[in-house]
Amino acid sequence: ITHYAHEPQTSVSLQALMRTGRGEYLHKTFAEEKLERHAATELVLIQVAGFLRRELPIRLAHRIRDLEGIPLLKDMASIQL
């Protein structure tokens with residue numbers, strides 16, 4: 001957790017998420033290929049999965065660190081392990 005909590009989160013706008021989902025950024029990665037509709041969908045999924053694979057551990061570590069910083073949270077009976 002400590003390793004990922006020290007990594008910066010990638011900022012992503014809602015517009016960028018929408019454009020990625022529509023495949024508008026594929027030309028930046030696969031400029032030379034002629035993409036069919038089916039192939040483009042698979043490439044969008046691969047692109048999104050790669051981003052999530054890198055980004056989710058970082059974001060989760062940041063949230064855990066944030067929760068650990070709440071003063072009385074550790075003393076709550078429902079939070080005890």
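This is a short talk on the helices, the main pocket, a surface patch and the salt bridges of one small set of coordinates, and the model is a predicted one.

Hi everyone, and thanks for coming. Let's begin with the overall layout. The protein has 81 residues, and 16% of them count as buried. Its secondary structure comes to 4 helices and 0 strands. If you read along the sequence, you meet the pattern α-α-α-α.

Now, let's start at the beginning of the chain. Thr-2 sits in helix 1, which covers residues 2-5. Is Thr-2 buried or exposed? Thr-2 has a relative accessible area of 55%, and because the exposed class begins over 50%, Thr-2 counts as exposed. Here is a pairing to look for on your screens: Thr-2 and His-62 are 60 residues apart in sequence, yet their C-alpha atoms are 9.0 Å apart in space.

Next, the pocket. How much space lies in the largest pocket? The answer is about 200 Å³. Two elements each give two or more residues to its lining, namely helix 2 (14-21) and helix 4 (37-68). Among the lining residues are Val-12, Ala-16, Leu-17, Thr-20 and Gly-21. You will also find Tyr-25, Gln-47, Val-48, Phe-51 and Leu-52 along the lining. And what classes of residue are these? The lining has 7 nonpolar residues, 3 polar ones and no charged ones.

Please keep Val-48 in mind, as we need it again. Val-48 lies in helix 4 and also belongs to a nonpolar patch on the surface, together with Leu-52, Leu-56 and Leu-60. The four share about 320 Å² of accessible area. Why can Val-48 be part of a patch? Patch residues need over 30% relative accessible area, and Val-48 meets that cut-off because its value is 31%. With that value, Val-48 counts as partly exposed. Leu-52, like Val-48, is named both in the pocket lining and in the patch.

Let's turn to charges. Side chains of opposite charge can pair when their charged atoms come close. How many salt bridges does the structure hold? It holds 2.

One of them joins the side chains of Glu-55 and Arg-59, at 3.0 Å from N to O. Glu-55 and Arg-59 are 4 residues apart in helix 4, so about one helical turn separates them. As for their surroundings, Glu-55 is buried, at 4% relative accessibility, whereas Arg-59 is partly exposed, at 30%.

The other pairs Arg-63 with Asp-66, and here the closest N and O atoms are 3.1 Å apart. Both residues lie in helix 4, 3 residues apart, again about one turn of the helix. Arg-63 has a relative accessible area of 40% and is partly exposed. Asp-66, at 41%, is partly exposed too.

To wrap up, helix 4 is a good place to start looking. Helix 4 contributes to the lining of the largest pocket, holds Val-48 of the nonpolar patch, and carries the Glu-55 and Arg-59 pair as well as Arg-63 and Asp-66. Thanks for listening!

Notes
Residues numbered from 1 in each chain as written. Predicted model: local features only at pLDDT ≥ 70, side-chain atom pairs only at ≥ 80, totals over all residues. Heavy atoms only, no water. 1 Å grid on protein atoms, 1.4 Å probe; cavity = no way out; pocket = protein on both sides within 12 Å on 5 of 7 lines; lining within 4 Å. Points joined across faces, edges and corners; volume = space filled by probe spheres on them. Nonpolar A, V, L, I, M, F, W, Y, C, P; charged D, E, K, R; others polar. Patch = residues over 30% accessible without salt bridge, like charges linked within 9 Å, V, L, I, M, F, W, Y side chains within 5 Å. Areas by Shrake-Rupley, 256 points an atom, 1.4 Å probe, with all protein chains shown as cover. Buried < 20%, exposed > 50% of the residue type's maximum accessible area, 1.4 Å probe, protein only.
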